[in-house]
Amino acid sequence: MARDKSKSPYYTNKKVRGKIDKLLQKNSVIWSNIGTGSKEDPITREEGEKRWEALAKEIKALDEDFYKIVYPYGVDS
């Protein structure tokens, strides 16, 4: 089933896309630093998941359609 991107703010609003891209970049920093001992290291997978859930909630507030793509099972599942 193809998604209708024409209604998603991520694809239609540059400001929303920029904000979401920054949140996704923060998520990549979380997972690329796990186990490194750096200040960005979430230390445990569980802490990394908590941080990602917080970012995902911000994405949901900006664009629920895009949120369903990057977090298909939802924060509350």
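Buried means under 20% relative accessible area, exposed over 50% and partly exposed in between, with a 1.4 Å probe and protein chains only. By that yardstick V16, I20, L23, N27 and I30 of α2 are buried. This is a predicted model, where local features need pLDDT of at least 70, side-chain atom pairs count only at pLDDT 80 or more, and totals for chains, interfaces and linings use all residues. Residues are numbered from 1 along each chain as its sequence is written, and side-chain values use heavy atoms, leaving out hydrogens and water.

**Confidence**
- The chain's mean pLDDT (the predictor's confidence in each residue, from 0 to 100) is 88, and 87% of the residues score at least 70.

**Helix α2**
- Helices here are DSSP runs of H or I, at least four residues, numbered from the N terminus.
- With 19 residues, α2 reaches 26 Å from first C-alpha to last, close to the 27 Å expected at 1.5 Å a residue (1.5 Å times one less than the number of residues).
- Its buried residues are V16, I20, L23, N27 and I30.
- They sit on the same side of α2 because they cover an arc of only 60 degrees around the axis, taken from the directions from the helix axis to the C-beta atoms.
- K14, K15, K22 and S32 are exposed on the other side of α2.

**Packing**
- The buried residues of α2 pack against α1 (9–12), α3 and α4, contact being heavy atoms within 4.5 Å.
- Beyond its neighbours within four places in sequence, I30 touches P42, G48, R51, W52 and L55.

Terms used:
Helix = DSSP H or I, 4+ residues; strand = E, 2+ residues; numbered from the N terminus.
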